[in-house]
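Please walk through the structure shown here with attention to how its ligands are held and to a few residues elsewhere in the chain.

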Amino acid sequence: MISIKIANIFEDIAYMLEIKGDNPFRIRAYRKAARNIRTLAEDLEKFADEGRLDQIPGIGSGTKEKIYEILDTGRLQFYEKLKNEIPPSLVKLLSIPGVGPKLAKRFYEELDIRDIEHLEKMAKEHRLAGLPGIKEKTEQNIIKGIEMVKRGLERMTLGVALSTANEIVNKLSKLSEVKRISTAGSLRRRKETIGDIDILTTSSNSKKVMDTFISLPLVERVLVCGDTKSSIITYDGIHVDLRVVEPESYGSALAYFTGSKAHNIRIREIAMKNSLKINEYGVFDEKTGMKIAGENEEEIYQIIDLPFIVPELREDRGEIEAAKQNRLPGLVKLSQIKGDLHIHTIWSDGGNSIEEMLKAAQEIGYKYLAICDHSQTLKVAGGLSEDKLSEQIEKIKELNSKYKDFDILAGSEVDIKADGSLDYPDELLEKLDIVVAAIHTRLKMPRHEMTRRIIKAIQNPYVNILAHPTGRLLGVRDAYEIDLDEILKVAKRNNVALEINAFPERLDLNDINCKRAKDYGVLISINTDSHITNQLNYMTLGVSVARRGWLEPENIINTKHIEEILSFFKG
Ligand code: DGT
Ligand code: CA
Ligand code: CA
């Protein structure tokens, strides 16, 4: 967990330097280092011990020394000094849409505002609008922005919750006293955001399990410690509940604590009609009071004569009716994904070379990978000029001839300009194997205009996939206004697939919109948008969204063979 601490420090430093108006390259270096440390698959300490810190992309000599300093002394002089100039709480202001480093600095210097709460108070008292250049509208936007940021702080992304939960479950399952263990709650249902993490276990020695749990290295604070339930807060501010239940009740407790509440209410209603009572302790015959099931979750569905309903569907969104009629979908699985159709490399703003990304994809067992770096006008993301893209296409062709049983697609994440035209001429797009179109700028268009812009883009015969179709960033920015039904109709006619972008903050399309796409017969591509090799693992998040959206393998383009995909694009 020290790696998360170090990543947080580097990220803070990047923001603090930004507020100071420091060198943009230096700021970017800290940010990149933070991002790559955060997503390391191995322990950072292991890299340090073995003198391999250089192998982490984005770690230079400066950041390397600082990592050693933190590992050796537990603190970083440079950071401590910086804190005297810029209060760390000021950094949080930058998460408010419309508040950039310059404005944050002014709030601090001119009004002595040091944190979000203070800013909110000042905005509500109309004390910002007096500053030169700050209008009443700005003040209103700041108030709205703060509300959104606060909502985001209440819930974490699925990605963050999963990695924390996995770490805890892995450690606890090593105990010989732990017999069965599972996550429950919204995490087991794989919701896109999670309020708190719920974990359920059975054990012969509850005290031992609880003691181990509350002394895990990630625990900052223990809220409750009992025989059946303990709650802790991690030093990332994540609330985790652990429950120990009797083995003969494990199944019913798992069903109860997995939820959703709405789903469970429907299940209990069906049970009641059959003179059964279901609660967290078991299934009981209402007349005799006898317990008749509860050890395994499957029994609950069996006993009311329903096929098993997987956690991702338990939202009372039609799954009970579908189960009754035996037409539950056969949901797509991670193992059925054959490749990733949207990833970046060091050619634009990624952290790994094409070859490194290919190697990682092959290690996963993929059959193909589409290299889709950014297009020319997206300068902040290192967008490729026309010449550079042509050069990359040649390089990919050459590489392709060297790989057996693996296809590398030359692609691009082409920016959709404000008028719906694309960022490269058709003659160049024609040379690509795959074109992923996406919006990155001018996000505040009226609904009608935004819809027209996207429709125009996907009508271009070379466009194959519409990336992150609604542009939302969880806890950061709401979806832009679009008429998704219109877009889905046009996508269907033009053989364009829509993306589930598996990046933790995106997960866009979301579950509900995926189901709509399925109804229109529009194919979905689950892509990670990876910027470094480790992020290829985000695929599991995208698959979770697809499953919550009732998608089956035939609805997902990247479960198909490459020939089938290319012929769909041509068709
Ligand atoms: P979250 O944490 O806000 O993302 O959502 P959940 O679904 O994990 O909710 P949580 O942590 O409050 O509770 C976990 C599960 O326990 C929930 O999905 C269903 C069950 N549960 C909690 N409270 C109640 C309740 O009052 N009635 C019933 N039937 N079930 C409950
Ligand atoms: Ca929960
Ligand atoms: Ca809970």
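The paragraphs below begin with the metal ions, go on to the organic surroundings of the ligand site, and end with two individual residues.

The model is a predicted one, and the distances and angles that follow should be read as properties of that prediction. A convenient starting point is the calcium ion (ligand 2), whose protein donors are Asp196, through both its O and an OD atom, and Asp198, through an OD atom, with distances of 2.2 to 2.5 Å. Around this ion there are six donor atoms, and because the angles they subtend run from 68 to 167°, the arrangement is irregular. For reference, six octahedral donors would ideally be seen at 90 or 180 degrees. The cut-offs used for the octahedral class ask that opposite donors be over 155 degrees apart and that all other angles lie between 65 and 115, with anything else being irregular.

The calcium ion (ligand 3) draws its protein donors from Asp196, which supplies two OD entries, and from Asp198 and Asp241, which supply one OD entry each, at 2.3 to 2.8 Å. Along the chain these donors follow the spacing D-x1-D-x42-D. The two calcium ions, ligand 2 and ligand 3, are 3.8 Å apart, and Asp196 is the residue that bridges them. How exposed or buried are the aspartates Asp196 and Asp198? Asp196 has a relative accessibility of 23% and therefore counts as partly exposed, whereas Asp198, with a relative accessible area of 12%, is buried; the dividing value here is 20%, because buried means under that figure.

The aspartates that take part in metal binding also belong to the surroundings of ligand 1, for among the 14 residues around that ligand, Arg155, Ser186, Gly195, Asp196 and Asp198 come nearest. An oxygen atom of ligand 1 is 2.5 Å from an N or O atom in the side chain of Ser186, while the corresponding distance is 2.9 Å for the side chain of Asp196 and 3.0 Å for that of Asp198. Of the 590 Å² of accessible area that ligand 1 has on its own, the protein covers 68%.

Which helices each supply at least two residues of the shell around ligand 1? They are helix 11 (185–188), helix 13 (250–258) and helix 14 (261–273), and helix 13 gives the most, with three residues. By residue class, the shell around ligand 1 divides into three nonpolar, five polar and six charged residues.

Two further residues can be considered in turn. Lys207 has its place in helix 12, which spans residues 206–214, and its relative accessibility of 54% is the reason why Lys207 counts as exposed. Lys207 and Gly226 are 19 residues apart in sequence, and their C-alpha atoms are 8.2 Å apart in space.

Thr528 is found in the loop between strand 17 (524–527) and helix 23 (539–548), and because its relative accessibility is 0%, Thr528 counts as buried. The side chain of Thr528 is joined to that of Asp340 by a polar contact of 2.6 Å, and a polar contact of 2.6 Å also joins the side chains of Thr528 and Ser530.

Definitions and conventions. Residues numbered from 1 in each chain as written. Chains lettered and ligands numbered in written order. Predicted model: local features only at pLDDT ≥ 70, side-chain atom pairs only at ≥ 80, totals over all residues. Heavy atoms only, no water. Donors = N, O, S within 2.8 Å, 3.2 Å for Na, K, Ca; no water. Tetrahedral: all angles 85-135°; square planar, octahedral: opposite > 155°, others 65-115°. Buried < 20%, exposed > 50% of the residue type's maximum accessible area, 1.4 Å probe, protein only. Near = heavy atom within 4 Å. Polar contact = N/O pair within 3.5 Å; in protein donor to acceptor, adjacent residues only side chain to side chain. Areas by Shrake-Rupley, 256 points an atom, 1.4 Å probe, with all protein chains shown as cover. Helix = DSSP H or I, 4+ residues; strand = E, 2+ residues; numbered from the N terminus. Nonpolar A, V, L, I, M, F, W, Y, C, P; charged D, E, K, R; others polar.
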